Amino acid sequence: LGLIQTRTRRGIVVTEPPLLNGFSKVLDPQLLSIKTIKEMMGMRIALEIGITDFIFTNISEQHIQELEQIVARQKALGINNLSVEDEMMFHTKIYEIAGNDFILQFNKIMHPVFEFSKQNYESYFLPINQRLNEKGEIVRHPDLLEFIKNRDKEGYRKAVQQHLQPYWEFLYHFD
């Protein structure tokens, strides 16, 4: 549970456990029901839109450079359907910028949502993405980065909502 910490020359001490530590150890996308995955997706949507003010309060030039490196790496890979790790890399940095350790810990338990999305991309998310792309409504990480660089908080809030639109549609259009 993370309650005990050993320290060289100091012995064993009882510490405050990471709040979500237990969750991350038992969450496996293969073991979770679609209902649970959907609830986690809904929480992710609410969280990512909700942390906008934190991001724009805390953003620094260093953060922007780090996001630029992540986006440049993703562009260099040239993959429209990013790996789970590449997708999480961008969003983890966003959570870090928000500056709330609980939110960052929460991100770790969201891994099953990213895994589920990757494993089920063609059956659930590809059709949604194709339709949104045809309408010019796809928002990718480089787009989100531009709103951050321009310090456009409201534009970012709307863009991240649109970025997560495939999840939203999955929540309400697939049983």
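**Exercise 1. Determine how many helices and strands the protein chain has, and which pattern they follow.**

Step 1. The protein chain contains eleven helices and two strands; helices (H or I, at least four residues) and strands (E, at least two) are DSSP runs, numbered from the N terminus. The model is predicted: local features need pLDDT of at least 70 and side-chain atom pairs count only at pLDDT 80 or more, while totals for chains, interfaces and linings use all residues. Residues are numbered from 1 along each chain as its sequence is written, and side-chain values use heavy atoms, with hydrogens and water left out.

Step 2. Along the sequence, the elements read β-β-α-α-α-α-α-α-α-α-α-α-α.

**Exercise 2. State what share of the protein chain is buried, and what surface the chain exposes.**

Step 1. Of the 175 residues, 41% are buried (buried: under 20% relative accessible area; exposed: over 50%; partly exposed: in between; 1.4 Å probe, protein chains only).

Step 2. The exposed surface of the protein chain is about 10,300 Å², and carbon and sulfur atoms supply 52% of it. Accessible areas come from the Shrake-Rupley method with a 1.4 Å probe; for residues, only the protein chains shown count as cover.

Step 3. Among contacts (heavy atoms within 4.5 Å) with a separation of 6 or more, 69% join residues 24 or more positions apart.

**Exercise 3. Describe how strands β1 and β2 pair.**

Step 1. Strand β1 (residues 4-7) and strand β2 (residues 11-14) are paired in the antiparallel sense, over four bridges. Two strands pair if DSSP finds at least two bridges between them.

Step 2. In β2, I12 stands opposite T6, and G11 stands opposite R7.

Step 3. The hairpin has three residues between the strands, and R9 takes a positive phi near 65° there. Most residues other than glycine have a negative phi.

**Exercise 4. Establish how helices α6 and α7 cross, and which residues meet.**

Step 1. The axes of α6 (residues 101-109) and α7 (residues 111-119) come within 4 Å and cross at roughly 40°. Axes are lines fitted to C-alpha atoms, for helices over the stretch in contact, and angles run from 0 to 180 degrees between N-to-C directions.

Step 2. Helix α6 is therefore oblique to α7; angles under 35 degrees count as roughly parallel, over 145 as roughly antiparallel, 65 to 115 as roughly perpendicular and the rest as oblique.

Step 3. From α6, N107, K108 and I109 meet H111, P112 and F114 of α7.

Step 4. The residues of this contact divide into three nonpolar, two polar and one charged (Ala, Val, Leu, Ile, Met, Phe, Trp, Tyr, Cys and Pro count as nonpolar, Asp, Glu, Lys and Arg as charged, and the others, Gly among them, as polar).

Step 5. N107 is buried, with a relative accessible area of 2%. Leaving aside neighbours within four places in sequence, N107 is in contact with M88, T92, Y95 and F114.

**Exercise 5. Characterise R151 and E154 by place and accessibility.**

Step 1. R151 belongs to the loop between α9 (141-149) and α10. R151 is partly exposed, at 39% relative accessible area, and has a positive phi of about 55° although it is not a glycine.

Step 2. E154 lies in helix α10 (residues 153-163) and is partly exposed, at 42% relative accessible area.

Step 3. The C-alpha atoms of E154 and D53 are separated by 9.3 Å, and the two residues are 101 residues apart along the chain.
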